Each structure stands twice: as C-alpha cells, then as structure tokens.
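User: Please take a close look at the largest nonpolar core of this protein. I would like to know what it is built from and how it sits among the other features of the model.

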Amino acid sequence: MKKREKLLSGMLAGLLCLTLVGCGASNMASGGTAADGEANYKGKEFSYMADSAPGAVFDSQVSESESVGKTDGGSGGVYRNSEVKLIRRANLTVQTTEFDKAQTALDTLVIEMGGYYENAELRSGSYYNQNSSRSGSYTIRIPAEKYDVFMTQVDGIGYLARKNESSEDVGEVYYDIEARLKTQRTKQERLLELLKKAQSMEDIIALENALTDVEYHIEQYTSDLNRYDGLIGFATIQLSLDEMVKIVDEPGERAPLFTRMKAGVVSSASGLADGAQDLLIWVSYNLFGILIFAAAAAAGVVFGRRYIKVRKTGKKEQKKEEGAEE
C-alpha cells in the first residue's frame, strides 16, 4: 500500500515538473520566463489599432516575416508568410446620389466576395420631408483573401469620400496561447492515465480536481484561439453609405476671384430656394394648425383693442364727473 502511494506521489510530482517545464518553454518562445509569460498573457487586451498608420504597421510586419523565414511562395511578401497572423480592418465612407442603386451594388459585392453583414443600420430620413437624405451604417465581414479585391471594387458603389485601413499581427499572442493549450492537453492525458491507476478515494478526488482545472484552461485557450481565428480569417470593414441630395462643383482656392464669387452666389441662391421649398412643405403639413393659431391670434387682437377702447372711455367719463363736482 505504501509503495503504491509513493509511486502515485512520484508520478504526480513528475507530472507537475513536466507542466512547469512546458509552460516555461512556451513563455521562453515569446521572450520571457514562465511567470512573465503568464502575466503578459493575462494583461494583454486585444486592440484593432484603428488609429495606427497602415504603412508603419506593414513595414514592421515585413521585417518580422523576413526574420521568421517561412514563406509559401517565392515573393516573400508578408501576406504569404504562414507565421503571420494578421487582423485587417477598414473604415470607409461612400457618398452617392442614387442611394437605392448603391445599396443594391453593395449587397451584390458582399455576396460575390463571400462575406456577410455582421450589422446593418438604415436611416431613412424624415417622414415629413421627402427631400431628407438617407444613410446606412454597415459592419461587413469579408474573407481575408478577398479583402484586397473588395477594396479595389468598393469605389464602384459611389464616391469613396474616406478610407482608413489598419492591420495587426497577433502571431506572438496566438502562438503563445497555442503552446499553452498543447501543454494543458498533455497534462490532461497524463492525469487521465494516473486516474485509471488510482485506487484510493483520496487520490481519485485529487486527480479529478486537477482534471477540472485543466479542462477549464483548455476551454479558455480554445475559445481564445477560435476568436482570433475568426478575426484573422475575416476582415472587418465599417462602411457608411450617405445619400447626397446634390453635388456642387466647388472651385479651388487658386480659381479666379470672379469664379469663386459666382460659385458663392449660386450656392447662396440654391440654399435660399431649398429653404423656401422646405418652408412651403412644412406649411402644407401644418396648415390647419397654422389657421387655428392665426384665428386665435386675430381674436386676441380684436378683444384686446375693444378692452383698451372701453378702458379709455371709462377714464374720460370719470374725469368729466370729477370736473363737474368741482
């Protein structure tokens, strides 16, 4: 009995040493000790780097890919490197005077690229003002291999007024999680082997508790990898589609003074005409309310004048009576 307990204790100690060595090796691969790696992993928060300059990010990734030295093709490009885990994002603003046509073109392009809408919001403008412009906000997921094709064809939807691209290489974090997951699965296999050989209830409970903790970490690391796989496999594109009522050709800053003044007068006259039209439309929708208000105001003016007239007449008569008494 004592020999068996000593044997199980020795195997548990060996398994613990194996786990510590595996964790240390995975952290050394990312440039730190086991304790540092655990702290770094827990402290890291994922960021899309939306405000970073795409050129700087791509340059740093190219240098990293050259140091890895594993490419699928002869060009040595960053996107052909199997070790690079890129999350790509873009923020686009598209303007159009034909909103329905542009929306249909966007739907067709997303389907052709094999993507989907993660979120779509359509704002139809004002119910009372038919001239009010419409707009749409879309979160689009496009397969990473079709990202460049999508970006070259998106300007066919309308006028591409704004484009902002960013990317992030999460390979260091990804492979660190992958190494930790492999270590936990190895630990799980060893614990299962020990559980088959365990005979005392105390050993069985201890091994089951250890297995529960290992399974928790396996699920956590697997969930993290699945999340990164989804972000890496599909680029995220935020697109705003804005309907423009009219397009005005504004002269440049170096245009002749008369040309710039003429454009200003035309724009001012156009704004005045649009304002007058909007006012007439508003009056037509609120005609009865305006008539009731006007009738109430006219009645108030009439009664007010009569009240003032009666009051003045009363004061004159009172003065006459006071004069007669004197």
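Analyst: The largest nonpolar core has 21 residues, and those touching the most other members are Ile-140, Phe-150, Ile-157, Ile-237, Leu-239 and Leu-241. A nonpolar core is here a set of buried Ala, Val, Leu, Ile, Met, Phe, Trp, Tyr and Cys residues joined through side-chain atoms within 4.5 Å. Buried stands for under 20% relative accessible area, exposed for over 50%, and partly exposed for what lies in between, with a 1.4 Å probe and protein chains only. Two or more residues of this core come from each of strand 1 (86–96), helix 4, strand 3 (135–143), helix 5 (147–153) and strand 5 (234–243). Helix 4 gives the largest share, 5 residues. Helices (H or I, at least four residues) and strands (E, at least two) are DSSP runs, numbered from the N terminus.

The model is predicted: local features need pLDDT of at least 70, side-chain atom pairs count only at pLDDT 80 or more, and totals for chains, interfaces and linings use all residues. Residues are numbered from 1 along each chain as its sequence is written, and side-chain values use heavy atoms, with hydrogens and water left out.

Ile-140 shows how parts of the chain come together. Apart from neighbours within four places in sequence, Ile-140 is in contact (heavy atoms within 4.5 Å) with Leu-106, Val-110, Tyr-116, Tyr-117, Phe-150, Ala-235, Thr-236, Ile-237 and Leu-239. A second core, separate from the largest one, has 18 residues, including Val-173, Leu-191, Leu-207 and Leu-231. In soluble globular proteins, nonpolar side chains tend to be buried together.

Helix 4 spans residues 99–112 and holds Ala-102. With a relative accessible area of 2%, Ala-102 is buried. Beyond its neighbours within four places in sequence, Ala-102 is in contact with Thr-96, Ile-157 and Leu-241. The C-alpha atoms of Ala-102 and Ile-157 lie 5.2 Å apart, although 55 residues separate the two in sequence.

Lys-101 is exposed, at 60% relative accessible area. Its side chain meets that of Glu-98 in a salt bridge of 3.8 Å, N to O; a salt bridge needs a side-chain nitrogen of Lys or Arg within 4 Å of a carboxyl oxygen of Asp or Glu. Glu-98 is partly exposed, with a relative accessible area of 44%. The whole structure has 8 salt bridges. Another joins Glu-121 and Arg-123 at 3.5 Å, N to O. Glu-121 is partly exposed at 41% relative accessibility, and Arg-123 is partly exposed at 34%.

The salt bridge between Asp-176 and Arg-180 spans 3.0 Å, N to O. Both residues lie in helix 6 (residues 171–197), 4 residues apart, about one turn of the helix. Asp-176 and Arg-180 are both buried. Asp-100, Arg-134 and Glu-243 are joined into one network by salt bridges that share partners.

Aromatic pairs number 3 in the structure. Rings of Phe, Tyr and Trp (its six-membered ring) pair if their centres lie within 6.5 Å; planes under 30 degrees apart count as stacked, over 60 as edge-to-face and the rest as tilted. Tyr-117 and Tyr-138 make a tilted pair, 5.5 Å centre to centre with 40° between the planes. This pair links distant parts of the chain, with Tyr-117 in strand 2 (residues 116–123) and Tyr-138 in strand 3, 21 residues apart. Tyr-117 is partly exposed, with a relative accessible area of 28%, whereas Tyr-138 is buried at 5% relative accessibility. The rings of Tyr-174 and Tyr-175 have centres 5.7 Å apart and planes at 85°, so this pair is edge-to-face. Tyr-174 is buried, with a relative accessible area of 7%; Tyr-175 is partly exposed, at 27%.

As for the wider setting, the protein has 9 helices and 5 strands. Their order along the sequence is α-α-α-β-α-β-β-α-β-α-α-β-α-α. Of its 326 residues, 26% count as buried. Among contacts between residues at least 6 apart in sequence, 76% join residues at least 24 apart.
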